[in-house]
Every structure is written in structure tokens, then in C-alpha cells.
There are 2 protein chains.
Amino acid sequence: MNNDGNATGNPFEIAFELPPKGSRRSSESVHAQLRAAILDGRLVPGSRLPAERQSAAFFGVSRNTIARVYARLAVEGLVLPRHGSGTYVAAKQQRPRRDSASTRLTTDPRLNPLWLQPELVLGLSFWHDNPHATSSRTAPSLDFRPALVDPRLFPFDIFRRVSVGQLRRMELKPPVFKSPQGNPGHFPLRAAVATHIGVSRAVVCEPDDVLVTAGAQQAFDLLARTLVKPGITTVAIEDPGYPPMRAAFLAAGAKVVPVPVDAEGLVVDALPASAHIVCVCPSHQFPFGVSMSAQRRAALLAFARKHGAVIVEDDYDGEFRYDGTPLQALRSTAAADDVFYVGTFSKCMLPALRLGFVVAPRWAMPTLVAAKNCLDWHCPTLTQMTVARFIADGHLARHVRKLRKIYKTRRDLVRDMLQSLFPGELSPMPSHYGMHVAAFSSAGKHLARVTARLAETNVQLHSFDRYFLDTPTSQGLVFGYGAVDLDEIEMGLKALRRAL
Amino acid sequence: MNNDGNATGNPFEIAFELPPKGSRRSSESVHAQLRAAILDGRLVPGSRLPAERQSAAFFGVSRNTIARVYARLAVEGLVLPRHGSGTYVAAKQQRPRRDSASTRLTTDPRLNPLWLQPELVLGLSFWHDNPHATSSRTAPSLDFRPALVDPRLFPFDIFRRVSVGQLRRMELKPPVFKSPQGNPGHFPLRAAVATHIGVSRAVVCEPDDVLVTAGAQQAFDLLARTLVKPGITTVAIEDPGYPPMRAAFLAAGAKVVPVPVDAEGLVVDALPASAHIVCVCPSHQFPFGVSMSAQRRAALLAFARKHGAVIVEDDYDGEFRYDGTPLQALRSTAAADDVFYVGTFSKCMLPALRLGFVVAPRWAMPTLVAAKNCLDWHCPTLTQMTVARFIADGHLARHVRKLRKIYKTRRDLVRDMLQSLFPGELSPMPSHYGMHVAAFSSAGKHLARVTARLAETNVQLHSFDRYFLDTPTSQGLVFGYGAVDLDEIEMGLKALRRAL
């Protein structure tokens, strides 16, 4: 059967072959045809694919089949799904450069279909044009994507010395007891973490309240698996927010509900009463960069107590505070029973270490430890020993002080240049913490096209839309300054000026 | 309300207070009382707790409540559940030494109850008297538990040199692209793994078929999460088998079905036709130590093809072959679509590295990569680089050759001493691979008591029963020789002679 492009009811406006009715290969056929049309340019970059309902009617397949085909194209980096606003053909520069295994998602019936949920796929494809997922080994680029760190600033010499010392120690006295919760012994990382967050974030806890994880992502996954009852638990997330975090909760079978964010942070009044878990970044919202106001914090804690909900506090870059009123972490001693506080060494040290932690309420810790045990026993012993010693010897505190000074100068430059180069066009939001600044586009321009054009000149910049789960309610850009120095910031913002 | 020890219907024979009817604290009350009775010796070590049904009737609570109380006591190391044969009060030496967080499992309704399944708890408490979970930092002990390695044999000097080299390399050229599947670049671990298993196990695969995991346990967890549809998928496991592996599948919501093992390995004829996944250790069954016969291998592959099932092949110590007919891994090129081949660096290097891998069929790899991404992004970059270089420079092959020689001498000594010291009492099973030998007890003695007595003199030895999910069908002992040298083997077996 063939369907002419001009036939009534073809929402694509180009010709496709219709799969035979009821065929089990229909999903494969539709996928292959759409893929080919995107790759050869018949479906134009930036154009919107027909709604799932329309496509399903056109191809004569179920809406579920189309949802999976779209999800698969998203994993392949060929389309960008935007929840609520539709699915768009990705610009060539946004597509992955190699046809690696990770870009050929299959829909084999032997696989758990949870992993094909479009929202989950979207959460994981978030980093598609990010170092986590694609190569930037070609031309040097000005990389303004958030959550990156500058390895040029890391004290490799000290880290190497500490590593070697710990390797010798491991040889002389091989560790026998390895707890899933984190190394015990003389320089346990859990004790070092408790000290570190006590000093830098005023979070008071015991080493027994800390569980060491493979980065913040494993903390999210661990919390999702221990707290989510599949199909029952509702998880409220900030929208816009951090897509890989919501992916973890979706993978565990949670119902994920987006909640809006404004200049004071999460809009607590908009939380559904049914929320069992509320995920927030109160010090430095991702990606808006705002700090949650004191009133909102109090309201959120009151919400949690009233409804018996728990809070997951992601404090990914809380060590870097430059100005503004210091606000305590949500996880105060009074809230120790309601808040899971997640931290990471990816920002203050290196993401390559894959080390993070969660400070958990005592009623949950034994189950978290059992789950960590089941997931991968424990984090690598040597890495834990090295980071523990690095902290105990004061190297982390020194490094954070150094970075804080450097990052503050970068933030100030980004903010000042945004104000002087883009008056009336981009309004930077107040950002007292961390490694990125967000700016609203007052013109409401379609910024995804601008960032796609910039990517061609090797300037990497994110627009807001990829952070939204629901329909984007605002337009803007995110300027991460973790991996660009002052000269690079200047070059990058001038390039943006030319592109706008 | 009080219940006298001699009252009719009290299956405990000691007095307990009955919780008020319908109280939400009844589970806490029953748990606290049983715990106290075990700790103060009123419930005698080695004695059997009443069946769940009886206890539930006595305390006036649901059977589910009792199951959770028993599970919680098991996690606390106070009782040893033996599926099908009941729950026994643990000997004092079998209990954990500190009241650590991991020994106080709670039943808070906010937690996912999957983690309280008694069989899962049993799987995870398997290592309770093992270095993974408790300390042996006190007196030196003769440790015959399987799956341990001797860190005294590890070439720490070479490993340190390689580590430092890779740290320098990382400083000069910080890795930008980090794939969830495993490091790309010039010394990718995936390529090194493909070479290593090609040489040592004749498994032919491409680097793109390999995914790097945080040890074999993460490989099991990853497979469970991507292949199991909760409540639907049936997983057949060897019984006896490796308890932490079945814990991973239980945690994912699988129906786990035990299948017997004999001298030829898994009894393929006993597989339920409904099995979607079959987990096996064909080279060296855990704990029996037998190798799966060629006929059984062929039958298993035929079963998988006939029923559309997949096979998870755990080849944890396949590098160490001493004699017998070399048998190919199940994961041959012809079976590449049906078999997930799991390997680890815990045995041939060190468990503290937390590094393993899975060779996966191509239809499943993209989903595995997406899941790994969601679980923890990727394994630590430096550890991957170091192990990749360690392999590429030939250090792993040299180390395996050295270990193979040493382990063979140890195995021969264990076997010979078993035959000379325990004729008619213990029959060693043929074991051509790995780091342990199992021996049947022809007398059918209750060996758990013997091993408890030995533990008092610091000889650590496992009896078969803890490996069974179903009622144990045979009695015997497992002699791991990974962490004991020839002198220690002699001392340990003489101590066993005295104890029997």
C-alpha cells in the first residue's frame, strides 16, 4: 500500500508506505521510514512532527506504537520531544555524530517497556549534545552548557600524591570489611562527608546518616527504587528541572508530576496533595538558578509534614555561594526525618570520579543500605579512601575556596555582559550560587534555532525548552561558566550577539 | 495482655506479651520481643522458630506481619531463614558484631515493600558473616568462604605504577566524552575486555558488545531491571546458587523459581516452560563447583530457543581452569543473541575495584546502555583507564597465570586432604575451575552446627544450606581457597577434623 503525499489525511505532507494492517513489524516500518525522511532532509530540521494521534491514524497503528517510534527517534537524537508542545525534527548539529549502540534503541518484546516511556527517553537524551554522551574531541569549543567543570583547575598533582599514598596503605593493610554504606576504618568517606557538609552547608549529621553513592545519579536511582511503589507513588518535580533526575523516578515506575518554578523557586501552592515525594534544588534551581525563598522553604516543609510526603533535596553546587542571604539547606536537624539530602563530588572535584552521597532519615537508611548492597555492593574502595583523605587533609576546602573566587568572577562577567550586550533582549536572573546563570528572553524568540546556529560555530549553549517536561512557559538561555574562562566567556557572548 | 509460656497454643515455650489487637505497632512489638529473647538467650541458638502461621496465630497478627518480622530479624543477623525448612536462631558467632545501620531494617510504609521480601532479605544477608558485611579485623582467621581473593598475591606495585601513569594522562588530556557503556578513547576497557575474554575464555565479541559495570552485581541488577517486567517475568535460578544474584531479580519484581543442580550442572529438564530468563554458572557452579556437561549446555540453548528465553551466564572465575575437558562458554558466536555473559574483575584482580562487565546481545545493548546511564552515568573513568592499561600491558594475563598455578596447588591439597582425613564422611566433587571445592557429607550431619563451632576458633566455613532457596536437598561444605595458603589449608582442615 502506498500513500501519496497529497492524499487527504496525510499530516506529513510527504509520501510514506503504510505498513500492512496488524503486522507485528509495523513499528519497525514506521520507524525506518521516518528515520530515513529525517536523515535525507525530507522532514525539515526544526519542523514539528504530527501529533501522535494524527500519525497513528495515518499509519493505521496504535497511538502506543507511534509513541514508541517517536521515543526511539528521540533516543537516536533525530527528534527533540517537548512534552506538551510536540516533537520536533532535530537540527543536524544536535544529532549525535556516530551511530553508536546507544542510538539504536530497539523495542524487543523481551525488554521491560518502562525504558521506552517517552518522558524517560527525553530525560536521558538530555545530554545528547553533552560530553556525557557525545564527543567534542574535534575543534575546541566554547562550552556554556551547565553542570560542566573545568578540569584545568583541578589539582591533579595533589590528587595523585594522595592516591598513591592510599594505594600503599591498601597494600600494607588490605581492607577486609567493605560496607555498602561506604568505607569504614580510619579515614571513612562518610565521616569526611559529614564534616565537609557541616562546614560548607551547615548540614549537621552523623557519619551513620551518610550513604556513599556512585554520583548524585545513583542517589536518585536508589531513592527511586526504595521509595517508589510502581504505579502508585506520585513524584512532584520542578518544571523546568534536571531531566536525568526525573528519568530515574520514571524508570522506577513513578507517576511524575511537573510543578512550576518562579523567581522564589518551586511554587509550593501548585503541589498536588497526592505527592508522596517532592524533588527540589533549593539553593540553586536547575536551570533557572534562583534560590528558594525562606517562605517557600517553610511552606514546603509544612506541606511534607501535612501530607506525609518526603523531600529529595539536590544540592549539587551549594558549596559555591557568592552573595545573597545565606539560606540553610532544607535538611536541617528539625527536618532530618523528612528530607533526603543529595550531594556530589562531580562539581567540587571531578564528575569522572563518580562519587556522591545521600544523607538519609534513619527510618530509611537500612533499606537504602540493603538496596545499595543489591545494586553494586559498594563504591570502589580506593576512590573512597582517596577522596576521604583529600578532604581530611584540607585539599577539598582549599580547592573549593579557589574555585569559588574564580567562578564568582566568571558569574559577574556573564551577568555584566548580558546586561550591556543584550539590554531589553535577555534578562539575567539573580543567581547567588553555583556555576550557571539563566536569562529570560523578553522577546520570546525561538531560541532553539539560535543555539543550533551557534553550535555550528562551536559555541555550545542550552535554551530553556529542553529542561521542561510540560509545555515551556518561558523562553531563555542557560549560561554555564564551569568550563569557560573569562576570555572564552567574552568570545562566546560576542558570538551570541552576532547570532541573535 | 500477657501470655504464659505454658499456656496452650504458645509455640515458643517462653512467655511473650501479646500486642493489642489491630495496633499498628504490633509488628514493632513482636519484633522487639523476639529480638530481646534471642539476644538474652531465651531463644536458644540453633533452635527453630515456630512456622509463620503458628506465630501469627499466637501473636494475633497477620502472617504477612510475621514474615516481615522474621525477615527483619534475618537482616539483623539474628536468625537464619532457610526457605522451605524454616527459620533458625543464629549462633552468636554468626551474628554481626556491631549494631550498624544495616542491621536495623524498618518497615516504614513510605518504603517500597519489595525490599522486605523474605527471599530477597535472605539473599542479601548471605554475606552476613562475610567480609562484605562484617569485620574480621580482630583475630587472624582461616577463611574458607568462597569468592574471596588473597590480596597478598596482588601486584600492588605494578597497579600503582599504571594508576599514576593514567592519572598523568588524565591530567594532560582530560577525558571529555564519557560513554555509559564504558570509556572510549585509546585504551578503552571494552576493547581490553573483548581481548581478555577472547584469549582466556574463547568468547568472541566486539568492544561494542561489552558494557562495563560496577562488578558482576551491577550487571545482574542491570539485567534484572531491563529484562524483568514486574509480576510477569519468571526467572529460573540454580538451587543451590549465588544468593545475591537472585536478590537482584527479586528486587526487580521477578518470580524466581529454583531449579535443581546435579553433577552435570543445572537440571535442564526441570526448567519450567514459563521461564523467560535462566541464570547459570556453567563453568563452575556456585557452590557445587561442577562444570555443566556438554549435553546439558546443548539442551539449555535448545530450551532458550524453543521458549524464547534468554540465558544469563555468570562466568565469575572461568579464567582459572586446571584440568578436565575445556568447555566453551555458553556465549558462543552462535548463541550471541540468546546469552548475556557476565564477567568480573573481582576474582582475577580485586573485588574492591568494583569492576565487571556484561557481553550483551545487540537487540538489548541500547536499552542496557540507557539503563546504565540512568543508574549512575558510567563507571569511574580512572579505574577503567587503569584496568584497561593493566590488561593491555599484559599484567592481567601474567597475574592470572601466577594465580592459576597457586590456586591449582591449593585445590589439589584441599581435595587430597579431604580424601585422606574424611574418608566416608566428605566426598569432594570434581572441580576443574575457580577457587572453591564442594564436598558432600555422606553422613548427612547437620553441618551448620559444626561450622558455627568452627567459627568460634576463627575458622570460617560455609555449609551448603545457606545457598539453597528451596529446602536443601543435600548436606555438605564449601571450601574456598582464594584467601588461604597451603599452611592455612592444612591447619583449617585439621581443625575441621577435630570438630566433626
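This briefing looks at aromatic rings and at the contacts that they make. The model is predicted, and a search of the whole structure finds 40 aromatic pairs over all chains. One of these is the pair of F12(A) and F16(A), which is edge-to-face because the two ring planes stand at 75°, over the 60 degrees that this label requires, while the ring centres are 5.0 Å apart.

**A cluster of phenylalanines in chain A**

- Ring pairs join four residues, F12(A), F16(A), F58(A) and F59(A), into a cluster.
- F12(A) is buried because its relative accessible area is 7%, which falls under the 20% cut-off.
- F16(A) is also buried, since its relative accessible area is 2%.
- The rings of F16(A) and F59(A) have their centres 5.6 Å apart, and because their planes meet at 55°, which is neither under 30 degrees nor over 60, the pair counts as tilted.
- This pair links distant parts of the chain, as F16(A) belongs to strand β2 (residues 16-17) of chain A and F59(A) to helix α2 (residues 52-59) of chain A, with their positions 43 residues apart in the numbering.
- F59(A) is buried as well, with a relative accessible area of 2%.

**Charges over rings between chains A and B**

- The charged end of R110(A) sits over the ring of W363(B), at 3.8 Å from the centre of that ring.
- With the chains exchanged, the charged end of R110(B) sits over the ring of W363(A), and here too the distance from the ring centre is 3.8 Å.

Key:
Residues are numbered from 1 along each chain as its sequence is written. Chains are lettered from A and ligands numbered from 1 in the order in which they are written. This is a predicted model: local features need pLDDT of at least 70, side-chain atom pairs count only at pLDDT 80 or more; totals for chains, interfaces and linings use all residues. Side-chain values use heavy atoms; hydrogens and water are left out. Rings of Phe, Tyr and Trp (its six-membered ring) pair if their centres lie within 6.5 Å; planes under 30 degrees apart count as stacked, over 60 as edge-to-face and the rest as tilted. Buried means under 20% relative accessible area, exposed over 50%, partly exposed in between (1.4 Å probe, protein chains only). Helices (H or I, at least four residues) and strands (E, at least two) are DSSP runs, numbered from the N terminus. A charge sits over a ring if NZ of Lys or CZ of Arg is within 6 Å of the ring centre and within 35 degrees of the ring normal.
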